[in-house]
Amino acid sequence: MRHRHDFHQLIVCGSGRGVHHVDFEPIEMRPRRVLHVHPGQVHEYQFDPDFDAHVVAFRAGLARATMPGQEWFPGSDVTVMWDLSTDDFVTIRDAVRAIRREQSRFDGSAASVMLIEGLLAVLVARLHQHAGDATTPSALPEAYVRYCAFVEAHFRERPSVASCARELGYSTRTLDRACHTAVGRSAKAVLDERIANDITRLLARTSVPIGHVGAAFGFTDPSSFSKFVTRHLGSPPSAIRARGAGLW
């Protein structure tokens, strides 16, 4: 069964093997591998019966669970998968077990909340530390990273590049230059690609009427929605939905 959650998941594989599809990409799951699935991503589990893993779930926007300067968005260079050595895996496994122990005696108090969030912060920091990227700044231009983060928060509104530039304090030329440097595309192309990416997720993940999917992105005219999808995804919405059924 496919899922599309609004919270983070850290999947810490202990034993067994399987395949986890994330946004239509198959990812092999094997012992000592950790995978971070972000809010909004479409994913599906396909594991062998002997597969064993811990899943740590936490809400979006939890500051203690993100590394400064390591904000993730589709196409970012932030690490989302780690293959750990035996020693490092033991450290991560113990951090997960500590969270589980405190969760079992969670009483809703401010101290309990602080304790759980603190243990989660330790887990996330150790993952990045073991991968060697705990303090490594993004190699992408700052304007591109800020632009993508803004788009990630507002893409359902289909903002214009000009309005994004105003909110971020950049010129549209600066955003175009940053996007070309990072990915070789214009700021408008980056914005449209992010919108098209989520439309693909919805068409492939749900059976919501196609017109409702378009309305969720502010398309009041079905023909305009169909033209947008065809232009950016190569096929009309009905074909994208049919194709999605065979991608998993």
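At what angle do helix H6 (residues 187-205) and helix H8 (residues 222-233) pack? Keep that question in mind while you select both helices, and remember throughout that what is on the screen is a predicted model.

**First stop: H6 and H8**

With the two helices selected, you can see H6 and H8 pack at an angle of about 105 degrees, with their axes 10 Å apart. The range from 65 to 115 degrees counts as roughly perpendicular, and H6 and H8 are therefore roughly perpendicular to each other. Now show the side chains where the helices meet: from H6, select Asp192, Ile195, Ala196, Ile199 and Thr200, which meet Phe225, Phe228, Val229, His232 and Leu233 of H8. Coloured by class, the residues of this contact between H6 and H8 divide into seven nonpolar, two polar and one charged.

**Second stop: H3 and H4**

Next, select helix H3 (residues 142-154) together with helix H4 (residues 161-168), whose axes come within 10 Å and cross at roughly 115 degrees. H3 and H4 are therefore also a pair that is roughly perpendicular, and their crossing is right-handed. On the H3 side the contact is made by Arg146, Tyr147 and Phe150, while H4 contributes Val161, Cys164, Glu167 and Leu168. By class, the contact of H3 with H4 holds five nonpolar residues and two charged ones, with no polar residue.

Stay with H4 a little longer and show its buried residues, which are Val161, Ser163, Cys164, Ala165 and Leu168. If you then bring back the surroundings, the cover over these buried residues of H4 includes H3, helix H5 (172-183) and H6. Just after H4 comes Gly169, a residue with a positive phi near 80 degrees.

**Third stop: two residues with positive phi**

Most residues other than glycine have a negative phi. With that in view, go to the loop between H3 and H4 and select Arg158, which has a positive phi of about 50 degrees although it is not a glycine. Arg158 is partly exposed, with a relative accessible area of 33%. Then move to the loop between strand S4 (25-29) and strand S5 (33-37), where Arg32 lies. The phi of Arg32 is near 75 degrees, again a positive value in a residue other than glycine, and Arg32 is partly exposed, with a relative accessible area of 34%.

**Fourth stop: Met29 in strand S4**

From Arg32, step back into strand S4 and select Met29, which is buried, with a relative accessible area of 0%. Which residues surround Met29, leaving aside its neighbours within four places in sequence? Show Ile11, Cys13, Gly16, Arg17, Gly18, His20, Leu35, Phe47 and Phe51, with which Met29 is in contact. For a sense of distance across the model, draw a line from the C-alpha atom of Met29 to that of Ala139, since these residues are 110 apart along the chain and their C-alpha atoms are separated by 27 Å.

**Fifth stop: the cysteines and Arg185**

Why is there no bond between the sulfurs of Cys148 and Cys179? A disulfide would need the sulfur atoms within 2.5 Å, but the sulfur of Cys179 is 6.0 Å from its closest cysteine sulfur, in Cys148, and that is too far for a bond. Taken over the model, the count by this rule comes to zero disulfides. Both selections sit out of reach of the solvent probe to the extent that they count as buried, Cys148 at 7% relative accessibility and Cys179 at 0%.

Keep Cys179 displayed and add Arg185, which is found in the loop between H5 and H6. Beyond its neighbours within four places in sequence, Arg185 is in contact with Asp176, Cys179, His180 and Glu193. At 32% relative accessibility, Arg185 counts as partly exposed.

**Last stop: Ser76**

Finally, select Ser76 in the loop between strand S7 (52-59) and strand S8 (81-83). Is Ser76 buried or exposed? At 17% relative accessibility, Ser76 counts as buried. Not counting residues up to four places away in sequence, Ser76 touches Glu71 and Leu140. To link this stop with the second one, draw a line from Ser76 to Glu167, which lies 91 residues away in sequence and 21 Å away in space, C-alpha to C-alpha.

Key. Residues numbered from 1 in each chain as written. Predicted model: local features only at pLDDT ≥ 70, side-chain atom pairs only at ≥ 80, totals over all residues. Heavy atoms only, no water. Axes fitted to C-alpha atoms, helices over the stretch in contact; angles between N-to-C directions. Helix = DSSP H or I, 4+ residues; strand = E, 2+ residues; numbered from the N terminus. Parallel < 35°, antiparallel > 145°, perpendicular 65-115°, else oblique. Left-handed = near helix turned anticlockwise from the far one by under 90°. Contact = heavy atoms within 4.5 Å. Nonpolar A, V, L, I, M, F, W, Y, C, P; charged D, E, K, R; others polar. Buried < 20%, exposed > 50% of the residue type's maximum accessible area, 1.4 Å probe, protein only.
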